[in-house]
Amino acid sequence: YIRTPLSILRYFSTKLEEETINQCEDLAENINLQINGYLDKSFIAIKSIAANPTVQAFDLPNVKTYLLQVQKVYTENSFSLDDTKGNQVVRGDAIPLANIWERPFYQAALNGQDEVISGVVFSKNSNRFVVNIVTPVRNPDNNSVIGIMQGSITFRKFGGFERGGGVRGYG
């Protein structure tokens with residue numbers, strides 16, 4: 001007599017758990033697609049910046065002007081050009097310059113890896129958690145790595161994905 005209600009309760013509990021798991025998996029997949037799309041667009045941006053002749057020439061005053069213009073379009077990113085000693089030599093914002101020599105993402109790009117994502121790290125110069133995407137700046141004559149183009153995204157900017165908003169313009 002009591003078995004029937006417990007069996008029904010167990011059945012509905014199992015079904016509710018399965019439905020919840022399926023919804024969470026769907027949400028996680030959607031968030032993953034949004035983040036990957038955002039990162040793809042960010043890599044297109046930094047690769048374009050890295051291929052710019054002004055950037056490749058390390059013409060710092062003009063690179064600064066260029067990065068300031070790019071920053072107006074990619075407002076969620078912060079860009080810097082780094083030399084081969086880890087020094088940020090110019091930025092597209094007012095954040096102080098830093099040396100990132102010991103950072104594994106910098107070293108990977110310095111060794112020629114075209115797309116590197118840092119994971120979440122504590123920024124040395126902005127004192128906040130960020131995700132860095134980096135790509136080598138190459139000499140147009142011999143393709144050697146002459147610097148690194150870095151894009152930083154504050155980690156809190158990824159918080160909108162679970163709500164469907166994403167990073168402004170990318171969600």
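The exercises below work through the fold, the sheet, the salt bridges and one surface patch of a predicted model.

Local features need pLDDT of at least 70 and side-chain atom pairs count only at pLDDT 80 or more, while totals for chains, interfaces and linings use all residues. Residues are numbered from 1 along each chain as its sequence is written, and side-chain values use heavy atoms, with hydrogens and water left out.

**Exercise 1. The chain as a whole**

Task: State which secondary structure elements the protein chain has and in what pattern they follow each other.

Solution:
- Step 1. Helices (H or I, at least four residues) and strands (E, at least two) are DSSP runs, numbered from the N terminus. The protein chain has four helices and five strands.
- Step 2. Along the sequence the pattern reads α-α-α-β-β-α-β-β-β.
- Step 3. Buried means under 20% relative accessible area, exposed over 50%, and partly exposed in between (1.4 Å probe, protein chains only). Of the 171 residues, 40% count as buried.
- Step 4. Accessible areas come from the Shrake-Rupley method with a 1.4 Å probe, and for residues only the protein chains shown count as cover. The protein chain exposes about 9800 Å², and carbon and sulfur atoms supply 56% of this area.
- Step 5. A contact means heavy atoms within 4.5 Å. Among contacts with a separation of 6 or more, 50% come from residues 24 or more positions apart.

**Exercise 2. The sheet**

Task: Give the order of the five strands in the open sheet and explain why E2 and E3 each have one side without a neighbour.

Solution:
- Step 1. Two strands pair if DSSP finds at least two bridges between them. The order in the open sheet is E2-E1-E5-E4-E3, with antiparallel pairing.
- Step 2. Strand E2 (88–91) and E3 stand at the edges with a single partner strand each, so one side of each lacks a neighbour in the sheet.
- Step 3. Neighbouring strands of the sheet are turned by 30° against each other on average, direction ignored. Axes are lines fitted to C-alpha atoms, for helices over the stretch in contact, and angles run from 0 to 180 degrees between N-to-C directions.
- Step 4. Strand E1 (residues 78–82) pairs with strand E5 (residues 145–154) over five bridges in the antiparallel sense. Ser78 has Ser152 of E5 as its bridge partner, and Phe79 has Gly151 of E5.
- Step 5. E5 also pairs with E4, antiparallel, over nine bridges. Val137 has Gly147 of E5 as its bridge partner.
- Step 6. E4 and E5 form a hairpin with six residues between them, and Asn143 in the turn has a positive phi of about 70°.
- Step 7. Eight of the ten residues of E5 are buried, so E5 is largely enclosed by the rest of the structure.

**Exercise 3. Salt bridges**

Task: Find which residues are joined with Glu102 in one salt-bridge network, and which parts of the chain the bridge to Lys124 ties together.

Solution:
- Step 1. A salt bridge is a side-chain nitrogen of Lys or Arg within 4 Å of a carboxyl oxygen of Asp or Glu. The whole structure holds six of them.
- Step 2. Glu102 meets Arg103 in a salt bridge at 3.9 Å, N to O. Glu102 is partly exposed at 47% relative accessible area, whereas Arg103 is buried at 14%.
- Step 3. Glu102 also forms a salt bridge with Lys124, with the closest N and O atoms 2.9 Å apart. Glu102 lies in the loop between E2 and helix H4 (104–110) and Lys124 in the loop between E3 and E4, so the pair ties together parts 22 residues apart in sequence.
- Step 4. Asp114 and Arg138 form another salt bridge, with the closest N and O atoms 3.2 Å apart. Asp114 sits in the loop between H4 and E3 and Arg138 in strand E4, 24 residues apart.
- Step 5. Through shared partners, Glu102, Arg103 and Lys124 belong to one network.

**Exercise 4. The surface patch around Phe122**

Task: Name the residues that form a nonpolar surface patch with Phe122, and place Phe122 in the sheet.

Solution:
- Step 1. Patches are made of residues with over 30% relative accessible area and no salt bridge; like charges are joined within 9 Å, and nonpolar side chains (Val, Leu, Ile, Met, Phe, Trp, Tyr) within 5 Å.
- Step 2. Phe122 forms the patch with Val120, Phe129 and Phe155, and the four together have about 400 Å² of accessible area.
- Step 3. Phe122 is partly exposed at 41% relative accessibility and lies in strand E3 (residues 116–122).
- Step 4. E3 runs antiparallel to strand E4 (residues 129–138), joined by five bridges. Phe122 stands opposite Phe129 in E4.
- Step 5. The hairpin of E3 and E4 has six residues between the strands, and Asn127 there takes a positive phi near 55°.
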